[in-house]
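Hi,

Here is the structure I said I would pass on. Have a look at it first, and then read my notes underneath.

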Amino acid sequence: MSDNKIITELPACPVETTLMLIGDKWKVLILRDLLSGTKRFGELKKSIGNVSQKVLTSQLRDMENNGLISRKVYPEVPPKVEYSLTELGQSLKPILDAMQNWGEGFKAFLHKK
C-alpha cells in the first residue's frame with residue numbers, strides 16, 4: 001500500500017487487515033493520544049516523542065485516508081489544524097485497552113523474575 005491511497009483490496013485474514021491499518025508503531029501511538037480527545041499537530045508530535053515531522057504527517061494522512069481520524073483546518077493565520085478520531089477510529093479503543101493491559105501484565109511478569 002503506498003502513502004495517501006485509499007485501501008481497495010483487503011487481506012483475507014481480519015488480523016492482517018487490522019495490522020495493515022494500525023500495525024505501525026507511530027499509528028498506535030497516535031491512536032493512543034487521540035483517544036483522550038482532539039489534538040493539534042504540535043501536541044501529537046510532542047507527546048509521541050522521537051517521530052519526524054515528515055513521518056508524523058505521512059501517518060496522519062494515511063489514517064485520515066483510511067477513515068480512522070478526521071482533520072479539521074481552521075481559516076486562521078497561522079493555520080490551525082486539529083486531529084480527532086472518527087467513530088471508526090474510536091472503535092479501536094478495546095484493542096488499545098487490551099494492548100495496554102497486556103503490556104502492564106508483561107512488565108509485572110518481568111519484575112517477578
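**What I found**

Of the 113 residues in the chain, 29% are buried. Keep in mind that this is a predicted model.

Let's start with the overall layout. The chain has six helices and three strands, and from the N terminus the order is α-α-β-α-α-β-β-α-α. If you box the C-alpha atoms along the principal axes, you get roughly 55 × 35 × 25 Å. The chain exposes about 7,800 Å², with carbon and sulfur atoms supplying 57% of that area. As for contacts with a separation of 6 or more, 48% are between residues 24 or more positions apart.

Now the sheet. The three strands make an open, antiparallel sheet in the order β1-β3-β2. That leaves β1 (39–40) and β2 as the edge strands, each pairing on one side only. Strands β2 (residues 69–74) and β3 (residues 80–85) pair over six bridges, and a hairpin of five residues joins them. To find your way along that pair, look for Ser 70, whose bridge partner in β3 is Ser 84. On the other side, β1 and β3 pair over two bridges, and there Arg 40 stands opposite Glu 82.

Next, the inside. In soluble globular proteins, nonpolar side chains tend to be buried together. Here the largest nonpolar core has 21 residues, and the ones with the most contacts inside it are Ile 48, Leu 56, Leu 60, Ile 69 and Tyr 83. Which elements give two or more residues to this core? They are α2 (25–34), α3 (41–48), α4 (53–65) and β3, with α2 giving the largest share, six residues. Ile 69 is a good one to click on: leaving aside residues up to four places away in sequence, its contacts include Leu 34, Leu 60, Met 63 and Tyr 83.

Then the charges. I count four salt bridges, and three of them are worth a look:

- Arg 32 and Asp 33 meet through their side chains at 2.9 Å, N to O. Arg 32 counts as partly exposed because its relative accessibility is 40%, while Asp 33, at 10%, counts as buried.
- Lys 80 pairs with Glu 82, with the closest N and O atoms 3.7 Å apart. Lys 80 has 22% relative accessibility, so it counts as partly exposed; Glu 82 has a relative accessible area of 18% and is therefore buried.
- Asp 97 pairs with Lys 93, and here the closest N and O atoms are 2.8 Å apart. These two are four residues apart in helix α6, so about one helical turn separates them. Asp 97 is partly exposed at 28%, and so is Lys 93 at 38%.

Last, the surface. Trp 102, Phe 106, Phe 109 and Leu 110 form a nonpolar patch there, with about 460 Å² of accessible area together. Phe 106 is found in helix α6 (residues 93–112). Is Phe 106 buried or partly exposed? Its relative accessibility is 37%, so Phe 106 counts as partly exposed.

If you only have a minute, look at Ile 69 in the core and then at the patch around Phe 106.

Cheers

Notes
Residues numbered from 1 in each chain as written. Predicted model: local features only at pLDDT ≥ 70, side-chain atom pairs only at ≥ 80, totals over all residues. Heavy atoms only, no water. Patch = residues over 30% accessible without salt bridge, like charges linked within 9 Å, V, L, I, M, F, W, Y side chains within 5 Å. Areas by Shrake-Rupley, 256 points an atom, 1.4 Å probe, with all protein chains shown as cover. Buried < 20%, exposed > 50% of the residue type's maximum accessible area, 1.4 Å probe, protein only. Pairing = 2+ DSSP bridges. Core = buried A, V, L, I, M, F, W, Y, C linked by side-chain atoms within 4.5 Å. Contact = heavy atoms within 4.5 Å.
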